[in-house]
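I opened this entry to keep a record of what I looked up, residue by residue and helix by helix. The notes follow the order in which I went through the chain.

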Amino acid sequence: MYHALPTPHVSQNFKWSATLSKTAPESAVDGVKVVSFSPSYSHGLHGNPIDELFNNLFPKVENRCKTSYSQAFKSSLLALAQANQSSTPDLICGFIHSRSTARKKVIDRYKVCAYSTTVFLTMLNALVECGFVTYENGFRNWKQKRSGVGTLWLTTPAFSDWVSENGSMLSVVQHFASTESIIRKSANDKKKIDYDDTPEIEGMRQRVEASNALRLQYAWSYHPLSDALQFVEGIEQVSIPASDLTCKRVFNGDFKSGGRFHCGAQYLKKLERGPIAINGQPTVELDYKSLHPRLLYNAEGLVAPVDCYASDSSRPRDLTKQASLLSINCKSFDQARKALVTKAKISSDEAKRHLADYAQEHPAIAHRFYGSGWSGLQYLDSQLVDAVLAKATEVGIPVLPVHDSFIAATEHGFWLKDAVTESYKALMGFDAVIDWELAPDQEAL
């Protein structure tokens, strides 16, 4: 089953890491490291072992509740399987789901399943009783409401044994045949909000869904990593499930902010994306070089440097890139400084110096710094992705977008480079600089 699981959007959970480190044994010298994700309520695990377990735990479910209970049960087991797969001896992986029984209304267009969050909680409680899951109760800091943490659900050795025994008989199923591909979120709290369809929105939806449909006609596979640098030994390429290849566009506030394409395959590690194959054939990944600062230069009517992340000083390129993106996307210098200290693991004085130096290196766009420009820039780069995917769909070439880069079969590498270049020129009126993310197989090209 390893290859069949959708890739969860796992991120380090600093609050739970700190909380569990306080009660960790002294042998945990470096403390406890916790990563977490939100469950995929739209998908679940399916198979005879699931049905048998469900019937044992819920032998007398009324017919009117059976569909919602069954879907919620499948989704809860999928979340547990994803957490189990992502855990290592040095890393605890769990998922976040509130123990609140308050019902939350879901807007009709965004419904992805037949159950509510309270029914999902009922399933988790049943799995606690049978020894498959434990949880750490969430808590709220009443002095600083945003510093609270949600309940963390963790797998047990009993579940790990069960999934190892039955995994080969399980598959992933989507609860609803189709779900909304154009998402609008509030700019303030990031909650999904409704909207009225227009011809423009319907056109966006049709392009997203046409690109998805083309992508799903092909078999995509990759070679997973067991850690940051080591590929899993003893297995061949494993399939990327259809749910990870299906994109949605997510807007923030209005339809001129954000709009980026999101799908599960984007959360594969960079090294895992290199060996991606389409129908067994090698792929190439093309990337817009230093895209966001380049967009700022071009928006000012100026030609951008070849590499906006290069520096005449001894500062490494990765550090320059971090300083650049934080300068552009943060709302204040102080916010950028704090973020750079955390991300680059440098002192506050060093962060101040690097941010100030970057502004001096790029005076033509420095007045655009510290204005939270991410939403407008993401809208521009989403327009580029929309244009490239539309071109690819028209000629029948499957392309997987990864934010501002594109993966396609190596045999289509030169076509893709032209499409990416032309899309940028049409939008911005300037030439783009394109990177081959990984050196392509010249013979295949």
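I began with S290, which counts as buried at 4% relative accessibility. The model is a predicted one, and in it S290 sits in the loop between β14 and α9. What I noted about its backbone is a positive phi of about 40 degrees, although S290 is not a glycine. For context, most residues other than glycine have a negative phi.

I then looked for a similar case and wrote down Y370, another residue other than glycine, with a positive phi near 60 degrees. Y370 belongs to the loop between α12 and α13, and with a relative accessible area of 22% it is partly exposed, given that buried means under 20%.

From S290 I moved on to helix α9, which spans residues 291–299 and is mostly covered, eight of its nine residues being buried. Which residues of α9 are buried? I listed L291, H292, P293, R294, L295, L296, Y297 and N298. As for what covers them, the buried residues of α9 pack against two strands, β12 (258–262) and β14 (281–288), and against the helices α10 (317–329), α12 (348–361), α13 (374–395) and α14 (413–428). After α9 comes G301, and I recorded its phi as positive, near 80 degrees.

Among these partners I followed α13 further. The axes of α9 and α13 come within 10 Å and cross at roughly 100 degrees, and the two helices are therefore roughly perpendicular to each other. On the α9 side of the contact I found L291, H292, L295 and L296, which meet L377, Q378, L380, D381 and L384 in α13. By class, the residues of this contact divide into six nonpolar, two polar and one charged.

D381 drew me to the salt bridges, since its side chain meets that of R260 in one, at 3.1 Å from N to O. The pair links distant parts of the chain, with D381 in helix α13 and R260 in strand β12, 121 residues apart. Are the two partners buried or exposed? D381 is buried with a relative accessible area of 2%, and R260 is buried as well, with a value of 16%.

I noted that the structure holds 20 salt bridges, and I looked at further examples. The side chains of E180 and R109 meet in a salt bridge at 3.0 Å, N to O. E180 lies in the loop between β7 (171–174) and β8 (182–185), and R109 in the loop between β4 (92–96) and α4 (117–129), so this pair ties together parts that are 71 residues apart in sequence. At 11% relative accessibility, E180 counts as buried. Both residues also belong to a network of salt bridges that links R109, E180, D194, D197, E202 and R205.

As another example I took D431, which forms a salt bridge with K425, the closest N and O atoms being 3.3 Å apart. Here D431 counts as exposed at 55% relative accessibility, while K425, at 41%, counts as partly exposed.

I next turned to helices α2 (residues 48–57) and α3 (residues 63–86), whose axes come within 11 Å and cross at roughly 120 degrees. How are α2 and α3 oriented to each other? Roughly perpendicular would require 65 to 115 degrees, and α2 and α3 are therefore oblique to each other. The crossing in which α2 passes α3 is right-handed. In the contact itself, I50, D51, L53, F54 and L57 of α2 meet K66, Y69, S70, F73, K74 and L77 of α3. Sorted by class, this contact has seven nonpolar, one polar and three charged residues.

My last stop was T246, in the loop between α7 (242–245) and β11 (248–252). T246 counts as partly exposed at 29% relative accessibility. Leaving aside neighbours within four places in sequence, I found T246 in contact with N212, L216, H262 and C263. I also checked T246 against F120: the two are 126 residues apart in sequence and 24 Å apart in space, C-alpha to C-alpha.

Note on methods:
Residues numbered from 1 in each chain as written. Predicted model: local features only at pLDDT ≥ 70, side-chain atom pairs only at ≥ 80, totals over all residues. Heavy atoms only, no water. Axes fitted to C-alpha atoms, helices over the stretch in contact; angles between N-to-C directions. Helix = DSSP H or I, 4+ residues; strand = E, 2+ residues; numbered from the N terminus. Parallel < 35°, antiparallel > 145°, perpendicular 65-115°, else oblique. Left-handed = near helix turned anticlockwise from the far one by under 90°. Contact = heavy atoms within 4.5 Å. Nonpolar A, V, L, I, M, F, W, Y, C, P; charged D, E, K, R; others polar. Buried < 20%, exposed > 50% of the residue type's maximum accessible area, 1.4 Å probe, protein only. Salt bridge = Lys/Arg side-chain N within 4 Å of Asp/Glu carboxyl O.
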